[in-house]
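Here are a few exercises to try with the sequence and the model side by side. Have a go at each task before you read its solution.

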Amino acid sequence: MLKMIISHDTPGSKIDKNIYGHFSEHLGRCIYGGLFVGEDSDIPNVNGMRTDVVNALKEIKIPVLRWPGGCFADEYHWMDGIGEKEKRKKMINTHWGGVVEDNSFGTHEFFELCRQLECEPYICGNVGSGTVREMQEWVEYITFDGLSPMSQTRRDNGQENPWKIKYWGVGNENWGCGGNMTAEYYANEYKRYATYVRNFAGNIIRKIACGPNAADYRWTEVLMREVRYMMWGLTLHYYTIPTGDWGKKGSATDFDEKIYFDTMKSTLKMDEYITRHKTIMDKYDPDKAIALLVDEWGIWTDAEPGTNPGFLYQQNSLRDALIAAVNFDIFNKHSDRVKMANIAQTVNVLQAVVLTDNEKRISQMLLTPTYYAFKLYTVHHDANLLPVYFNSPDYWNENGGEKIPAVSNTASINKSGEINITLTNIDANKPHELEIDLRGKDLDANNISAQILTGEYVTSHNTFENGGNVIIKPYANYALKDSKLNVRLEPKSLILLKIK
């Protein structure tokens, strides 16, 4: 039997709830038809925001929403998205499908969506094709309460009082789609733009610099050396590609165990990347004042057959829920530095938590396995990490002779003293018996409960015809014995243990 020791008396860093954040881009049907349907839609909505999707996201306590991109952010000009909708400029979304963007969802709509979701807004400003003045005026439009051309324009457009915003990204992926810049060039641009991202009316903005792509450690070195005094946070982007080939990433639902193993091996690289970027950040910022934000992450597969490949619409399987759980555990483990993460993307794009069908079933949506992973992990929001001492068993790829850790975990204690333990067994075939020694805590069987998320196969997924293939269910395969908690970790499963 596997042994796990959890130290109840020595809580660690706080697991920031923003680690469970989301990302919404003007891409495919994420915004239009996903989050926003317009006030005149037959789909139930409040001020144009789709009611069923909003309610579903509130159920998983969405803490922060990043917008408008992504690559779209660095071709987005915010003034095109304000004022009367019928008079707003149209543009071509050159990054995602070459479709017409009518700008009917803009700044006012975004803040209305965040109001309904009760989440923090996170705006990513345009550095790639924008100007310093454009970004400066956007901040002024949103947050200034005095008399100025921008604040008056906001009032003319129906918003008398300024909004509040904490998080502001100065560009996105400026090493790539955001301008193909060198680290040194972007560092200089960041300093210039960030100078004019000002605080008005008591609103304090946390400025976020574009950080590295995956293993680009030099980018982190340059940014930490050059602009650490001007930023609150630095981003990191890393996507899990099942095949390792960006040209042919593989299917979201049709894959064998070898591809499954390779996918899990790929997603576990997140721990290495965060660890090494943290080491560089620690050199320049030993007090950990600068946050690391993994504001784009998730699995990226081939688009579903028959859909626009530029819309990045993919199904979502049990594999994806386990990927989410493994990444959550990595972020939580590094919560001394990682203060936000934003899955790509919230609705209908990449590793979405919600899918909608706007053609055959105009009012129907489904919740994906990843959605239920988010739901189970709400227990860790703003809780304190508990130290876990555990050596994971191996999950072997019998064909290739490779191995990876089979079991990941997070243990936390919240303000009420409740302890929550999430356990993920990514082994597709083998269960594991685990004995948990919760040091410093007297256990009572009446105060313990459990839930499980699993499915018949790693390819199992929810459909519009059957949304119950992969859902959370009560779990009873655990017992208290000699003051220790014994639990069976089923293959390909995520288990939540709640201890009051």
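**Exercise 1. Work out how Cys 177 is placed, and what its sulfur is bonded to.**

Step 1: Start with accessibility. Cys 177 has 27% relative accessibility, so it counts as partly exposed (buried is under 20% relative accessible area, exposed is over 50%, partly exposed is in between, with a 1.4 Å probe and protein chains only).

Before going on, a word on the model: it is predicted, so local features need pLDDT of at least 70 and side-chain atom pairs count only at pLDDT 80 or more, while totals for chains, interfaces and linings use all residues. Residues are numbered from 1 along each chain as its sequence is written, and side-chain values use heavy atoms, with hydrogens and water left out.

Step 2: Look for a partner. Cys 177 forms a disulfide with Cys 71, with 2.2 Å from S to S (a disulfide is a pair of cysteine sulfur atoms within 2.5 Å).

Step 3: Check the partner's surroundings. Cys 71 is at 12% relative accessibility, so this one is buried.

Step 4: Get the handedness. The torsion about the S-S bond of Cys 71 and Cys 177 is about -90°, so the disulfide is left-handed.

**Exercise 2. Find out what keeps Cys 114 and Cys 119 off the disulfide list.**

Step 1: Take the distance. The sulfur of Cys 119 is the nearest cysteine sulfur to Cys 114, 4.0 Å away, and Cys 114 is in no disulfide.

Step 2: Apply the cut-off. A disulfide needs sulfur atoms within 2.5 Å, so a 4.0 Å pair doesn't make the list.

Step 3: Add accessibility. Cys 114 has 4% and therefore counts as buried; Cys 119, with 9%, is buried too.

**Exercise 3. Describe how covered helix 2 is.**

Step 1: Locate the helix. Helix 2 spans residues 107-117 (helices are DSSP runs of H or I with at least four residues, strands are runs of E with at least two, and both are numbered from the N terminus).

Step 2: Count. Ten of its eleven residues are buried, so helix 2 is mostly covered. Among them are Phe 110, Phe 111 and Cys 114.

Step 3: See what follows. Right after helix 2 comes Glu 118, with a positive phi near 60°.

**Exercise 4. Lay out the five-stranded open sheet.**

Step 1: Write the order. The strands go 17-1-22-26-25, with mixed pairing (two strands pair if DSSP finds at least two bridges between them).

Step 2: Mark the edges. Strand 17 (388-390) and strand 25 (478-481) each pair on one side only.

Step 3: Zoom in. Strands 22 and 26 run antiparallel and are joined by five bridges; His 432 stands opposite Leu 489 in strand 26.
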